[in-house]
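Reader: I am new to this structure. Please take me through the ligand and its surroundings.

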Amino acid sequence: MTDITAAVRDLDDPATDPFDVARAAAAFIADRTGVDHHDIALVLGSGWGGAAELLGQVVAEIPSDQIPGFTKPAVAGHVGVTRSIRIDRPDGSTRNALVLGSRTHLYEGRGLRRVAHGVRTAAATGCTTVVLTNGCGSLNRQWRPGQVVLLRDHINLTATSPLEGATFVDLTDLYTPRLRAIAHSIDPSLPEGVYAQFRGPHYESPAEVAMAGVMGADLVGMSTTLEAIAARHAGLDILALSLATNLAAGVSDQPLSHEEVLDAGATAGPRIRDLLARIVAKI
Ligand code: 8IG
């Protein structure tokens, strides 16, 4: 039996194996939900909250900050609840989905282990797939607020990694082609793009957005790349869906505001939740 209390205390201790804390979190989730094994995890970012109920039957809800290694969310618009959802499939089989209603961002300053902890916990509960969602800025004028974009690759501009030591993980096909094909089978019009992660919490300067564009980015955000790296290291297949909530700084002549981001999320909400539920049902 894992000592949960010790695991919570020690996540920031370099001597602690963060995977031990993830196992403690998974044991806690199994105990509190009565579900001993989850199959697919979802991380709901800006604009995607509220999708959980559409996926299936809510079996259990846990305030995320009660789970070993998790902390309270820092951002308004993020929901700090972890849910276990039972998905009954048309063929009679069931899937257990673990929905993480919030994430820890690099800019919160709580360290990379907390950024990676959600996907590591998902893997420890048995998940083999994670769906990462986010709200982000768009460099493409055709992608207006409310546009959903599938990530096909990323550029990690945080100058750091969630992995420690000599952990050489291959990121070719990080965003699993098979899962992108499933998303396209639901909505063939979904575009694919390259997501650049900046540390934040400030939005980019227009010159930084222009730089990201020269590098090949279509989207800019403050999450997802570090989680995707940690998820692949933990053995997960990854699907990432971005909601473009604003044109990135300098792409339009409008200034950015967090209110605009929340508004775009609220307006797009019902449509993108339905899309997400239909994709997840096919995974
Ligand atoms: I929502 O324009 C959202 N998140 N870095 N830039 C970055 N993150 C974002 C943006 C944006 N919009």
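Author: Start with a term: a polar contact is a pair of N or O atoms within 3.5 Å; within protein, one must be able to donate a hydrogen and the other to accept it, and residues adjacent in sequence count only if both atoms are side-chain atoms. This is a predicted model, where local features need pLDDT of at least 70, side-chain atom pairs count only at pLDDT 80 or more, and totals for chains, interfaces and linings use all residues. Residues are numbered from 1 along each chain as its sequence is written, and side-chain values use heavy atoms, without hydrogens and water.

Reader: What makes the pair between G137 and the ligand a polar contact?

Author: A backbone N or O atom of G137 lies 3.4 Å from a ligand nitrogen. The limit is 3.5 Å, so the pair counts.

Reader: How do you know that E204 and N246 make polar contacts with the ligand?

Author: A polar side-chain atom of E204 lies 2.4 Å from a nitrogen atom of the ligand. For N246, a polar side-chain atom lies 2.8 Å from a ligand nitrogen. Both values are within 3.5 Å, so both pairs count.

Reader: How much of the ligand does the protein bury?

Author: The protein buries 95% of the 330 Å² that the ligand exposes when taken alone. Areas come from the Shrake-Rupley method with a 1.4 Å probe.

Reader: Why is E204 called charged?

Author: Asp, Glu, Lys and Arg count as charged, so E204 does. The shell around the ligand has 6 nonpolar, 5 polar and 1 charged residues.
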